[in-house]
Amino acid sequence: MTEAPIPDNASETGALKAADLIRDEARRAPDKPGVYRMYGEDGTCLYVGKARSIKKRILQYAQGRFHTQRIGLMVSLTRSMELVITASETEALLLESSFIKQLKPRFNVVLRDDKSFAELMIRKDHRAPQVRKHRGAHTTPGDYFGPFASTWAVNRTLNTLQKAFLLRSCSDSVYETRTRPCMLHQIKRCSAPCTGLISLEDYAGLVDEASAFLKGKSRAVIARLSDEMSAAAEAMDYEQAARVRDRIRALSAISMENSVSADSVAEADVFALFSEGGQACVQVFFYRGGQNWGGRAYFPRVDKTDTDPEILAAFLGQFYEDKPIPRLILSNVRPHELELLEEAFSLKAERKVEIANPRRGDKLNLVDHALTNAREALGRKMAEGSAQGKILDEVCEAFGLDSRPERIEIYDNAHIQGTNAVGGMVVAGPEGFQKSQYRKFNIKGEDLTPGDDYGMMREVMRRRFGRLVKDEDAGEEVVRPDLLLIDGGAGQLAEVLAVLADLGLDDITAVGVAKGPDRDAGMERFFMPGKPPFMLPLKSPALYYVQRLRDEAHRFANGAHRTRRSMDIKKNPLDEIEGIGPGRKKALLHAFGSAKGVGRASVADLVKVEGINQPMAERIFAFFHPEGR
């Protein structure tokens, strides 16, 4: 937030007025906990605060000793106050959060764009319980699961429940009037209790399994289904085995962790705050039963004088003003007045609530994961907030270009140990990505050593710019790139420069972009001919722009590689992984339903399978995720 200047005379006059007003309020204020609201000339709320003693807090304002110019401005603009007495400071904290959320005062940390989250509800007031999305109060009898951070997350889980447990989602009126199974039954998403194709007892068993899965007992449910699939296969009931296999596939798609293990967390909300230059991002993730139910980034309105503990404390108070509070809240910052927040949340939830700042183990991994997302989200917001022209000007300055680049080409290669190698070219300019100009290059060089990244880059450059020169010689209209960004360091850049020199195109600026230590975003090193390696300043819009370009090239090249690899694989992909024999293959397929399910699994999921140790899990993961190599 930008601070308004304080006119000298107006400030002094206002401060005197405010001091008299506040002193008068202090005389009548009780020495009790409560909430105070400060209003300006036009009746707009300027600030909401709480105090253990309203009288003492108000007197501090009247004395004119302010920690920051911002607080001085707030006091000088105050023309009236309203006080609310509460039974305790804990109740005052809850009321303060409610007022801030309602009034959005100018001088408070304010949570913006706060929307309710969807939940899943399994009704319990019908003989054939229905599963559906839900928002709002829990007025209908049933089990509620959530929150889900996005519509996509709740829809994905709902679709999975339909595939895996065949629960109905139709309304009661539709259920009562059905005479034959609906389309959802035809596509194997409902067991059709409406027409008696499944008994109500068996349907109740499916409901219980779905509830157990949502409560975090996913591995037990999948293990039972695996046994059921094996039994059906041994009895040569292959249709039943295939149906159970499909259910396992659906469950494994959402039961596995994304990138960190959450097995030790039964119920927790994870918050990570990252602030920079007067802006802040709070990333929230919801974990229930060891499953990540999605996350969302928030950008609260803050002032550059607000500290991280103050920001997070204000954010948490407003965030949970109208949301259910979990038993455990994890954060990377210890919020201001943590004990008071815990007491307030416990009072509201009617059970103990803990706010923890983990230092080791799985919980720290969850917080670090959220912090990475917060840092990147704020970086994207800052980069997107800058005009594209300004960003291109910074790119021009960073790489010594004579003018803004009109066409930037970004190159990346993708392969697995040299097989199915593909080169990708992404094009960007003042109008953003130009997807119609993207090109992929199937690496064909028979003399290349498998995994020779330099040789692959050399072939891509020869084919791309050999064609450009040929088209120019033929008199065709050709647009030369102003800047080449190469995913790689000095070696890849040297190959590119050699090809350009051979073709007489050495006036095109080429830059190598090498990932930093541990592949950390923001630590990239840049390579240019005749210059030592250098880095761009952290939080530089140009740096974030280059990262986005590189990530898009990486995505495009890997997508082209996966397409080519899927066309070449005619047998089970697991057969191609060294060390995977019949026993391990069977265990993996039982655990995840298919090779595709294995490919979606994280290392943490893979090591849970019998016979799969950490090195083997990493080898399997690397096979299906070449971009992580």
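Accessible areas here come from the Shrake-Rupley method with a 1.4 Å probe. On that footing, the protein shows about 30100 Å² of accessible surface, and 49% of this belongs to carbon and sulfur atoms. The model is a predicted one. Its 629 residues include a buried share of 50%, and the fold is built with 21 helices and 18 strands. As for how the chain folds back on itself, take the contacts between residues at least 6 apart in sequence: 64% of them join residues at least 24 apart.

Helix H11 makes a handy way into the interior. The helix runs over residues 308–319, and its 12 residues should span 16 Å at 1.5 Å a residue; the end C-alpha atoms do sit 16 Å apart, so expectation and model agree. A good part of H11 is tucked away from solvent, the buried residues being Ile311, Leu312, Ala313, Phe315, Leu316, Gly317, Gln318 and Phe319. What do these buried residues of H11 pack against? The partners are a mix of helices and strands: helices H4 (89–103) and H12 (338–349), along with strands E7 (267–276), E8 (279–288), E9 (291–298) and E10 (328–331).

Just ahead of that helix comes Asp306, in the loop between E9 and H11. Asp306 has a relative accessibility of 15%, and because the cut-off for buried is under 20%, it counts as buried. Its side chain reaches back to the backbone nitrogen of Asp303, at 2.7 Å. Leaving aside residues up to four places away in sequence, Asp306 touches Arg70, Val109 and Ile311. The last of these, Ile311, is itself one of the buried residues of H11, so the loop residue and the helix are joined by a contact.

Two glutamates on either side of H12 have backbone angles worth a look. Most residues other than glycine have a negative phi. Glu337, in the loop between E10 and H12, goes the other way, with a positive phi of about 55 degrees. Glu350 does likewise, at about 65 degrees, and is found in the loop between H12 and strand E11 (354–356). Are the two buried, partly exposed or exposed? Glu337 is partly exposed, with a relative accessible area of 32%, while Glu350 counts as exposed at 74%.

Turning to charged pairs, the structure holds 31 salt bridges. One of them sits in helix H1 (residues 8–28), where Arg28 and Glu25 are three residues apart, or about one turn of the helix. Their side chains meet at 3.7 Å, N to O. The two ends of this bridge have unlike surroundings: Arg28 is exposed at 54% relative accessibility, whereas Glu25 is buried at 13%.

Helix H15 (residues 453–473) has a bridge of its own, between Glu459 and Arg463, which are four residues apart, again about one turn of the helix. Here the N to O distance is 3.1 Å. Glu459 is buried, with a relative accessible area of 14%, and Arg463 is partly exposed at 30%.

A further bridge links Asp605 and Lys608, with the closest N and O atoms 3.7 Å apart. Asp605 has a relative accessibility of 1% and therefore counts as buried; Lys608, at 32%, is partly exposed. Bridges can also share partners, and in this way Asp24, Glu25, Arg27 and Arg28 are joined into one network. The Arg28–Glu25 pair described above has both of its residues in that network.

Finally, the surface has a nonpolar patch formed by Met523, Met535 and Leu538, which together account for about 280 Å² of accessible area. Where does Leu538 sit? Leu538 lies in the loop between strand E18 (525–527) and helix H17 (541–568). With a relative accessibility of 57%, Leu538 is exposed, because the cut-off for that label is over 50%.

How values were computed
Residues are numbered from 1 along each chain as its sequence is written. This is a predicted model: local features need pLDDT of at least 70, side-chain atom pairs count only at pLDDT 80 or more; totals for chains, interfaces and linings use all residues. Side-chain values use heavy atoms; hydrogens and water are left out. Patches are made of residues with over 30% relative accessible area and no salt bridge: like charges are joined within 9 Å, nonpolar side chains (Val, Leu, Ile, Met, Phe, Trp, Tyr) within 5 Å. A salt bridge is a side-chain nitrogen of Lys or Arg within 4 Å of a carboxyl oxygen of Asp or Glu. Buried means under 20% relative accessible area, exposed over 50%, partly exposed in between (1.4 Å probe, protein chains only). The expected span of a helix is 1.5 Å times one less than its number of residues. Contact means heavy atoms within 4.5 Å. A polar contact is a pair of N or O atoms within 3.5 Å; within protein, one must be able to donate a hydrogen and the other to accept it, and residues adjacent in sequence count only if both atoms are side-chain atoms.
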